[in-house]
Each structure stands twice: as C-alpha cells, then as structure tokens.
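Biologist: Please take a close look at one strand pairing for me, then set it in the rest of the chain. Keep it brisk.

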Amino acid sequence: MTVLLLEDEYPAAERLQRVLRQAAPEAQVLAVLDTVAGALDWLDTNPAPDLILSDIQLADGLSLDVFEQTVVSSSVIFTTAYDAYAIRAFRANSIDYLLKPVKLTELTAALEKLRRWPTVRPTKPSEAPEADAPAQRLERLLDALPRPERAHKTRFLVRHGEQLLPLPATQVAWFQSRHETTTLATLDGRRFMVDYTLEQLETLLDPTQFFRLNRQLIAQLPAVQRLHPHFNGKLLVALQPAPSEEVLVSREKAALVKQWLER
C-alpha cells in the first residue's frame, strides 16, 4: 500500500508515520508534504497513491482545496483536531476522519475499512468511476463538509540584524514580490524579507484589510493614499510608503479595489 502524507506539523507527521508502521507494516510512505501547492504539484507529476492521509489545515491553506482543484482517485483519511460534527459528515460518506493524536486502534480500523472498499478507478479519462469509487465518495464528502475557519495571520517574524522580531500584521503597509523574493514594508517605511509567496499570503491575511492589487503586490488599507485613473480603465494606486515601481491595477480588478476601499 502506497501512502501520501499531508501534514504541516513535523511532530505530528513523525508520530503518524510511527502509528502507520504499526497499523500497516507493508505501507510505503511516498512523500510527506506540508502545503496545498506542494500536494497539487506532487499529484500532478506522480501516480495516485493507494491512500492519502491528510490533515485539514496545511501551511498555506486547507487540504480540502487539493481535492477540489484536482481529480483524486485515492482513498482519503483525514486527521485533525476539528469538531465531532465534521466527523459525522465524513463517516456518513464512508470516509474516515480521525482526531489527533491518532490512536493505533482507530487507524487500524480505518485501514481495515479501506481494504474492504472496492478499488475502482477509471482506465480512460472518458470512463466515469462507479458510484462507490473513492473519488465519488470524496466528492459527496466535500459537498457535505462545513469548512473550518482558519484564523488570519496576526504577526510575522522578521529578521533584524542577528535578531528575529515579531511584527504585528497591523503594522504592514504592503508585500511586494520581485525576482522570487518577497519584501514586507511597514507603515513607517522599514523593509524586511519574508519567506512567503504572495499566493501563500493571500490565504493567510485578512481579506477585509489586505488586497492583492496586481501580480506583484498586496497592500493593506492604511497604506492606500490615492487612486488615479489610468489608460484603458486601469488604476494607478499611490501607496505610503511608495514601492520601487508604480502600482497599476487592471481594468478587470479596478471595480473590486474600489469595493474593498469602501467597505
């Protein structure tokens, strides 16, 4: 049995692998991934594993996004500390959902249930899986499951000389991505490098306070000083402090920016 493990907490990943070795000594863990982006890339370039063991919350978002953005024919067992109502929703669809810390007896029972399921997968893209195939059960599960709300990020650890400083998100003016590097600028003009992409930050920041103005920049409300009409319906956004390049918003996004500023 081949297994893909999705877990963003290293101790939890190590413990789960130990329990898995006890419950299924024959299991082969192909990869341990901690992000939605990493899981999507892996599934796109590798054959589907027999089983995916997945936490709900990963480093850059909810693992449920993985299963909504790509076709997954593997069986899935979710592990998390989420509430019992969601557990009932999963089990009603014959997909198991185990509370952390995962116990050997519970994982063993879940694996035994998986072994009893028919392993039906389409052999051609045009062939639909049978009604009881894992992908069908997972689709019903995603429709039934209430989404847990992820708390928005409230601070960042930034490097200042030889020190790491906690910086409240309320002090951030904007994030800019250039040459595969993300810069955080504070409202008082300081600059720091951070180890996040703008895609990751979009999932972590409060959308009522932060908005992605274009491919290179996410700004917070207090940093926006003025909007200037530009060619072809675009907007030129004046920020304080000013970034290294002009900030242009596309015509398609201009109305959304105005709505965000008027909330």
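Modeller: Two strands count as a pair if DSSP finds at least two bridges between them. β15 and β16 meet that cut-off, because they share five bridges, in the antiparallel sense. One of the contacts in register puts R226 opposite A238 in β16, as its bridge partner. Keep in mind that the model is predicted.

Now widen the view to the sheet. β15 and β16 belong to an open sheet of three strands, ordered β15-β16-β17, and the pairing is antiparallel. Which strands stand at the edges? β15 (224-229) and β17 do. Each has a single partner strand, so one side of each has no neighbour in the sheet. From one strand to the next, the twist averages 30°.

The loop between β16 (235-239) and β17 (247-249) holds E245, whose side chain meets that of R178 in a salt bridge, at 3.2 Å from N to O. R178 lies in strand β10 (residues 172-178). The two residues are 67 apart in sequence, so this pair links distant parts of the chain. How exposed are the two ends? R178 is partly exposed because its relative accessibility is 33%, and E245 is partly exposed too, at 40%.

Side chains of opposite charge can pair when their charged atoms come close. A search of the whole structure gives four salt bridges. Among them is the one between R212 and E199, with the closest N and O atoms 3.2 Å apart. R212 sits in strand β13 (residues 210-214) and E199 in helix α7 (residues 198-204), so the salt bridge ties together parts 13 residues apart in sequence. R212 also meets E202 in a salt bridge, here at 3.1 Å from N to O. That pair again joins helix α7, with E202, to strand β13, with R212, across ten residues. E199, E202 and R212 therefore form a linked network of salt bridges.

Is R212 buried or exposed? R212 is buried, because its relative accessible area of 13% is under the 20% cut-off. Its acidic partners are not: E199 is partly exposed at 47%, and E202 is partly exposed at 44%.

Next, a strand with parallel neighbours. β3 (residues 51-55) is mostly covered, with five of its five residues buried. In a regular strand the side chains alternate between the two faces of the sheet. In β3, L51, L53 and D55 point one way, while I52 and S54 point the other way. All are buried. Strand β1 (residues 2-6) pairs with β3 in the parallel sense over four bridges. There, L4 has I52 as its bridge partner. Strand β6 (residues 75-80) also pairs with β3 in the parallel sense, over five bridges. In that pairing, the partner of L53 is I77 in β6.

From the strands, move to helix α1 (residues 10-23), where Q17 has its place. Which residues does Q17 touch, leaving out those up to four places away in sequence? L5, V29 and V32. Q17 counts as buried because its relative accessibility is 16%, under 20%.

Two packed helices are described by the angle between their axes and the distance between the axes. The axes of α1 and helix α5 (residues 104-116) come within 9 Å and cross at roughly 60°. That makes α1 oblique to α5. Their crossing is right-handed. On the α1 side, L16, V19, L20, Q22 and A23 take part; on the α5 side, L104, L107, T108, L111 and R115 meet them.

Last, the whole chain. The protein chain has eight helices and 17 strands. Of its 263 residues, 43% are buried. Among contacts with a separation of 6 or more, 54% join residues 24 or more positions apart. Back to the start: β15 and β16 are one antiparallel pair with five bridges, set in a sheet where β15 is an edge strand.

Methods:
Residues numbered from 1 in each chain as written. Predicted model: local features only at pLDDT ≥ 70, side-chain atom pairs only at ≥ 80, totals over all residues. Heavy atoms only, no water. Buried < 20%, exposed > 50% of the residue type's maximum accessible area, 1.4 Å probe, protein only. Contact = heavy atoms within 4.5 Å. Axes fitted to C-alpha atoms, helices over the stretch in contact; angles between N-to-C directions. Parallel < 35°, antiparallel > 145°, perpendicular 65-115°, else oblique. Left-handed = near helix turned anticlockwise from the far one by under 90°.
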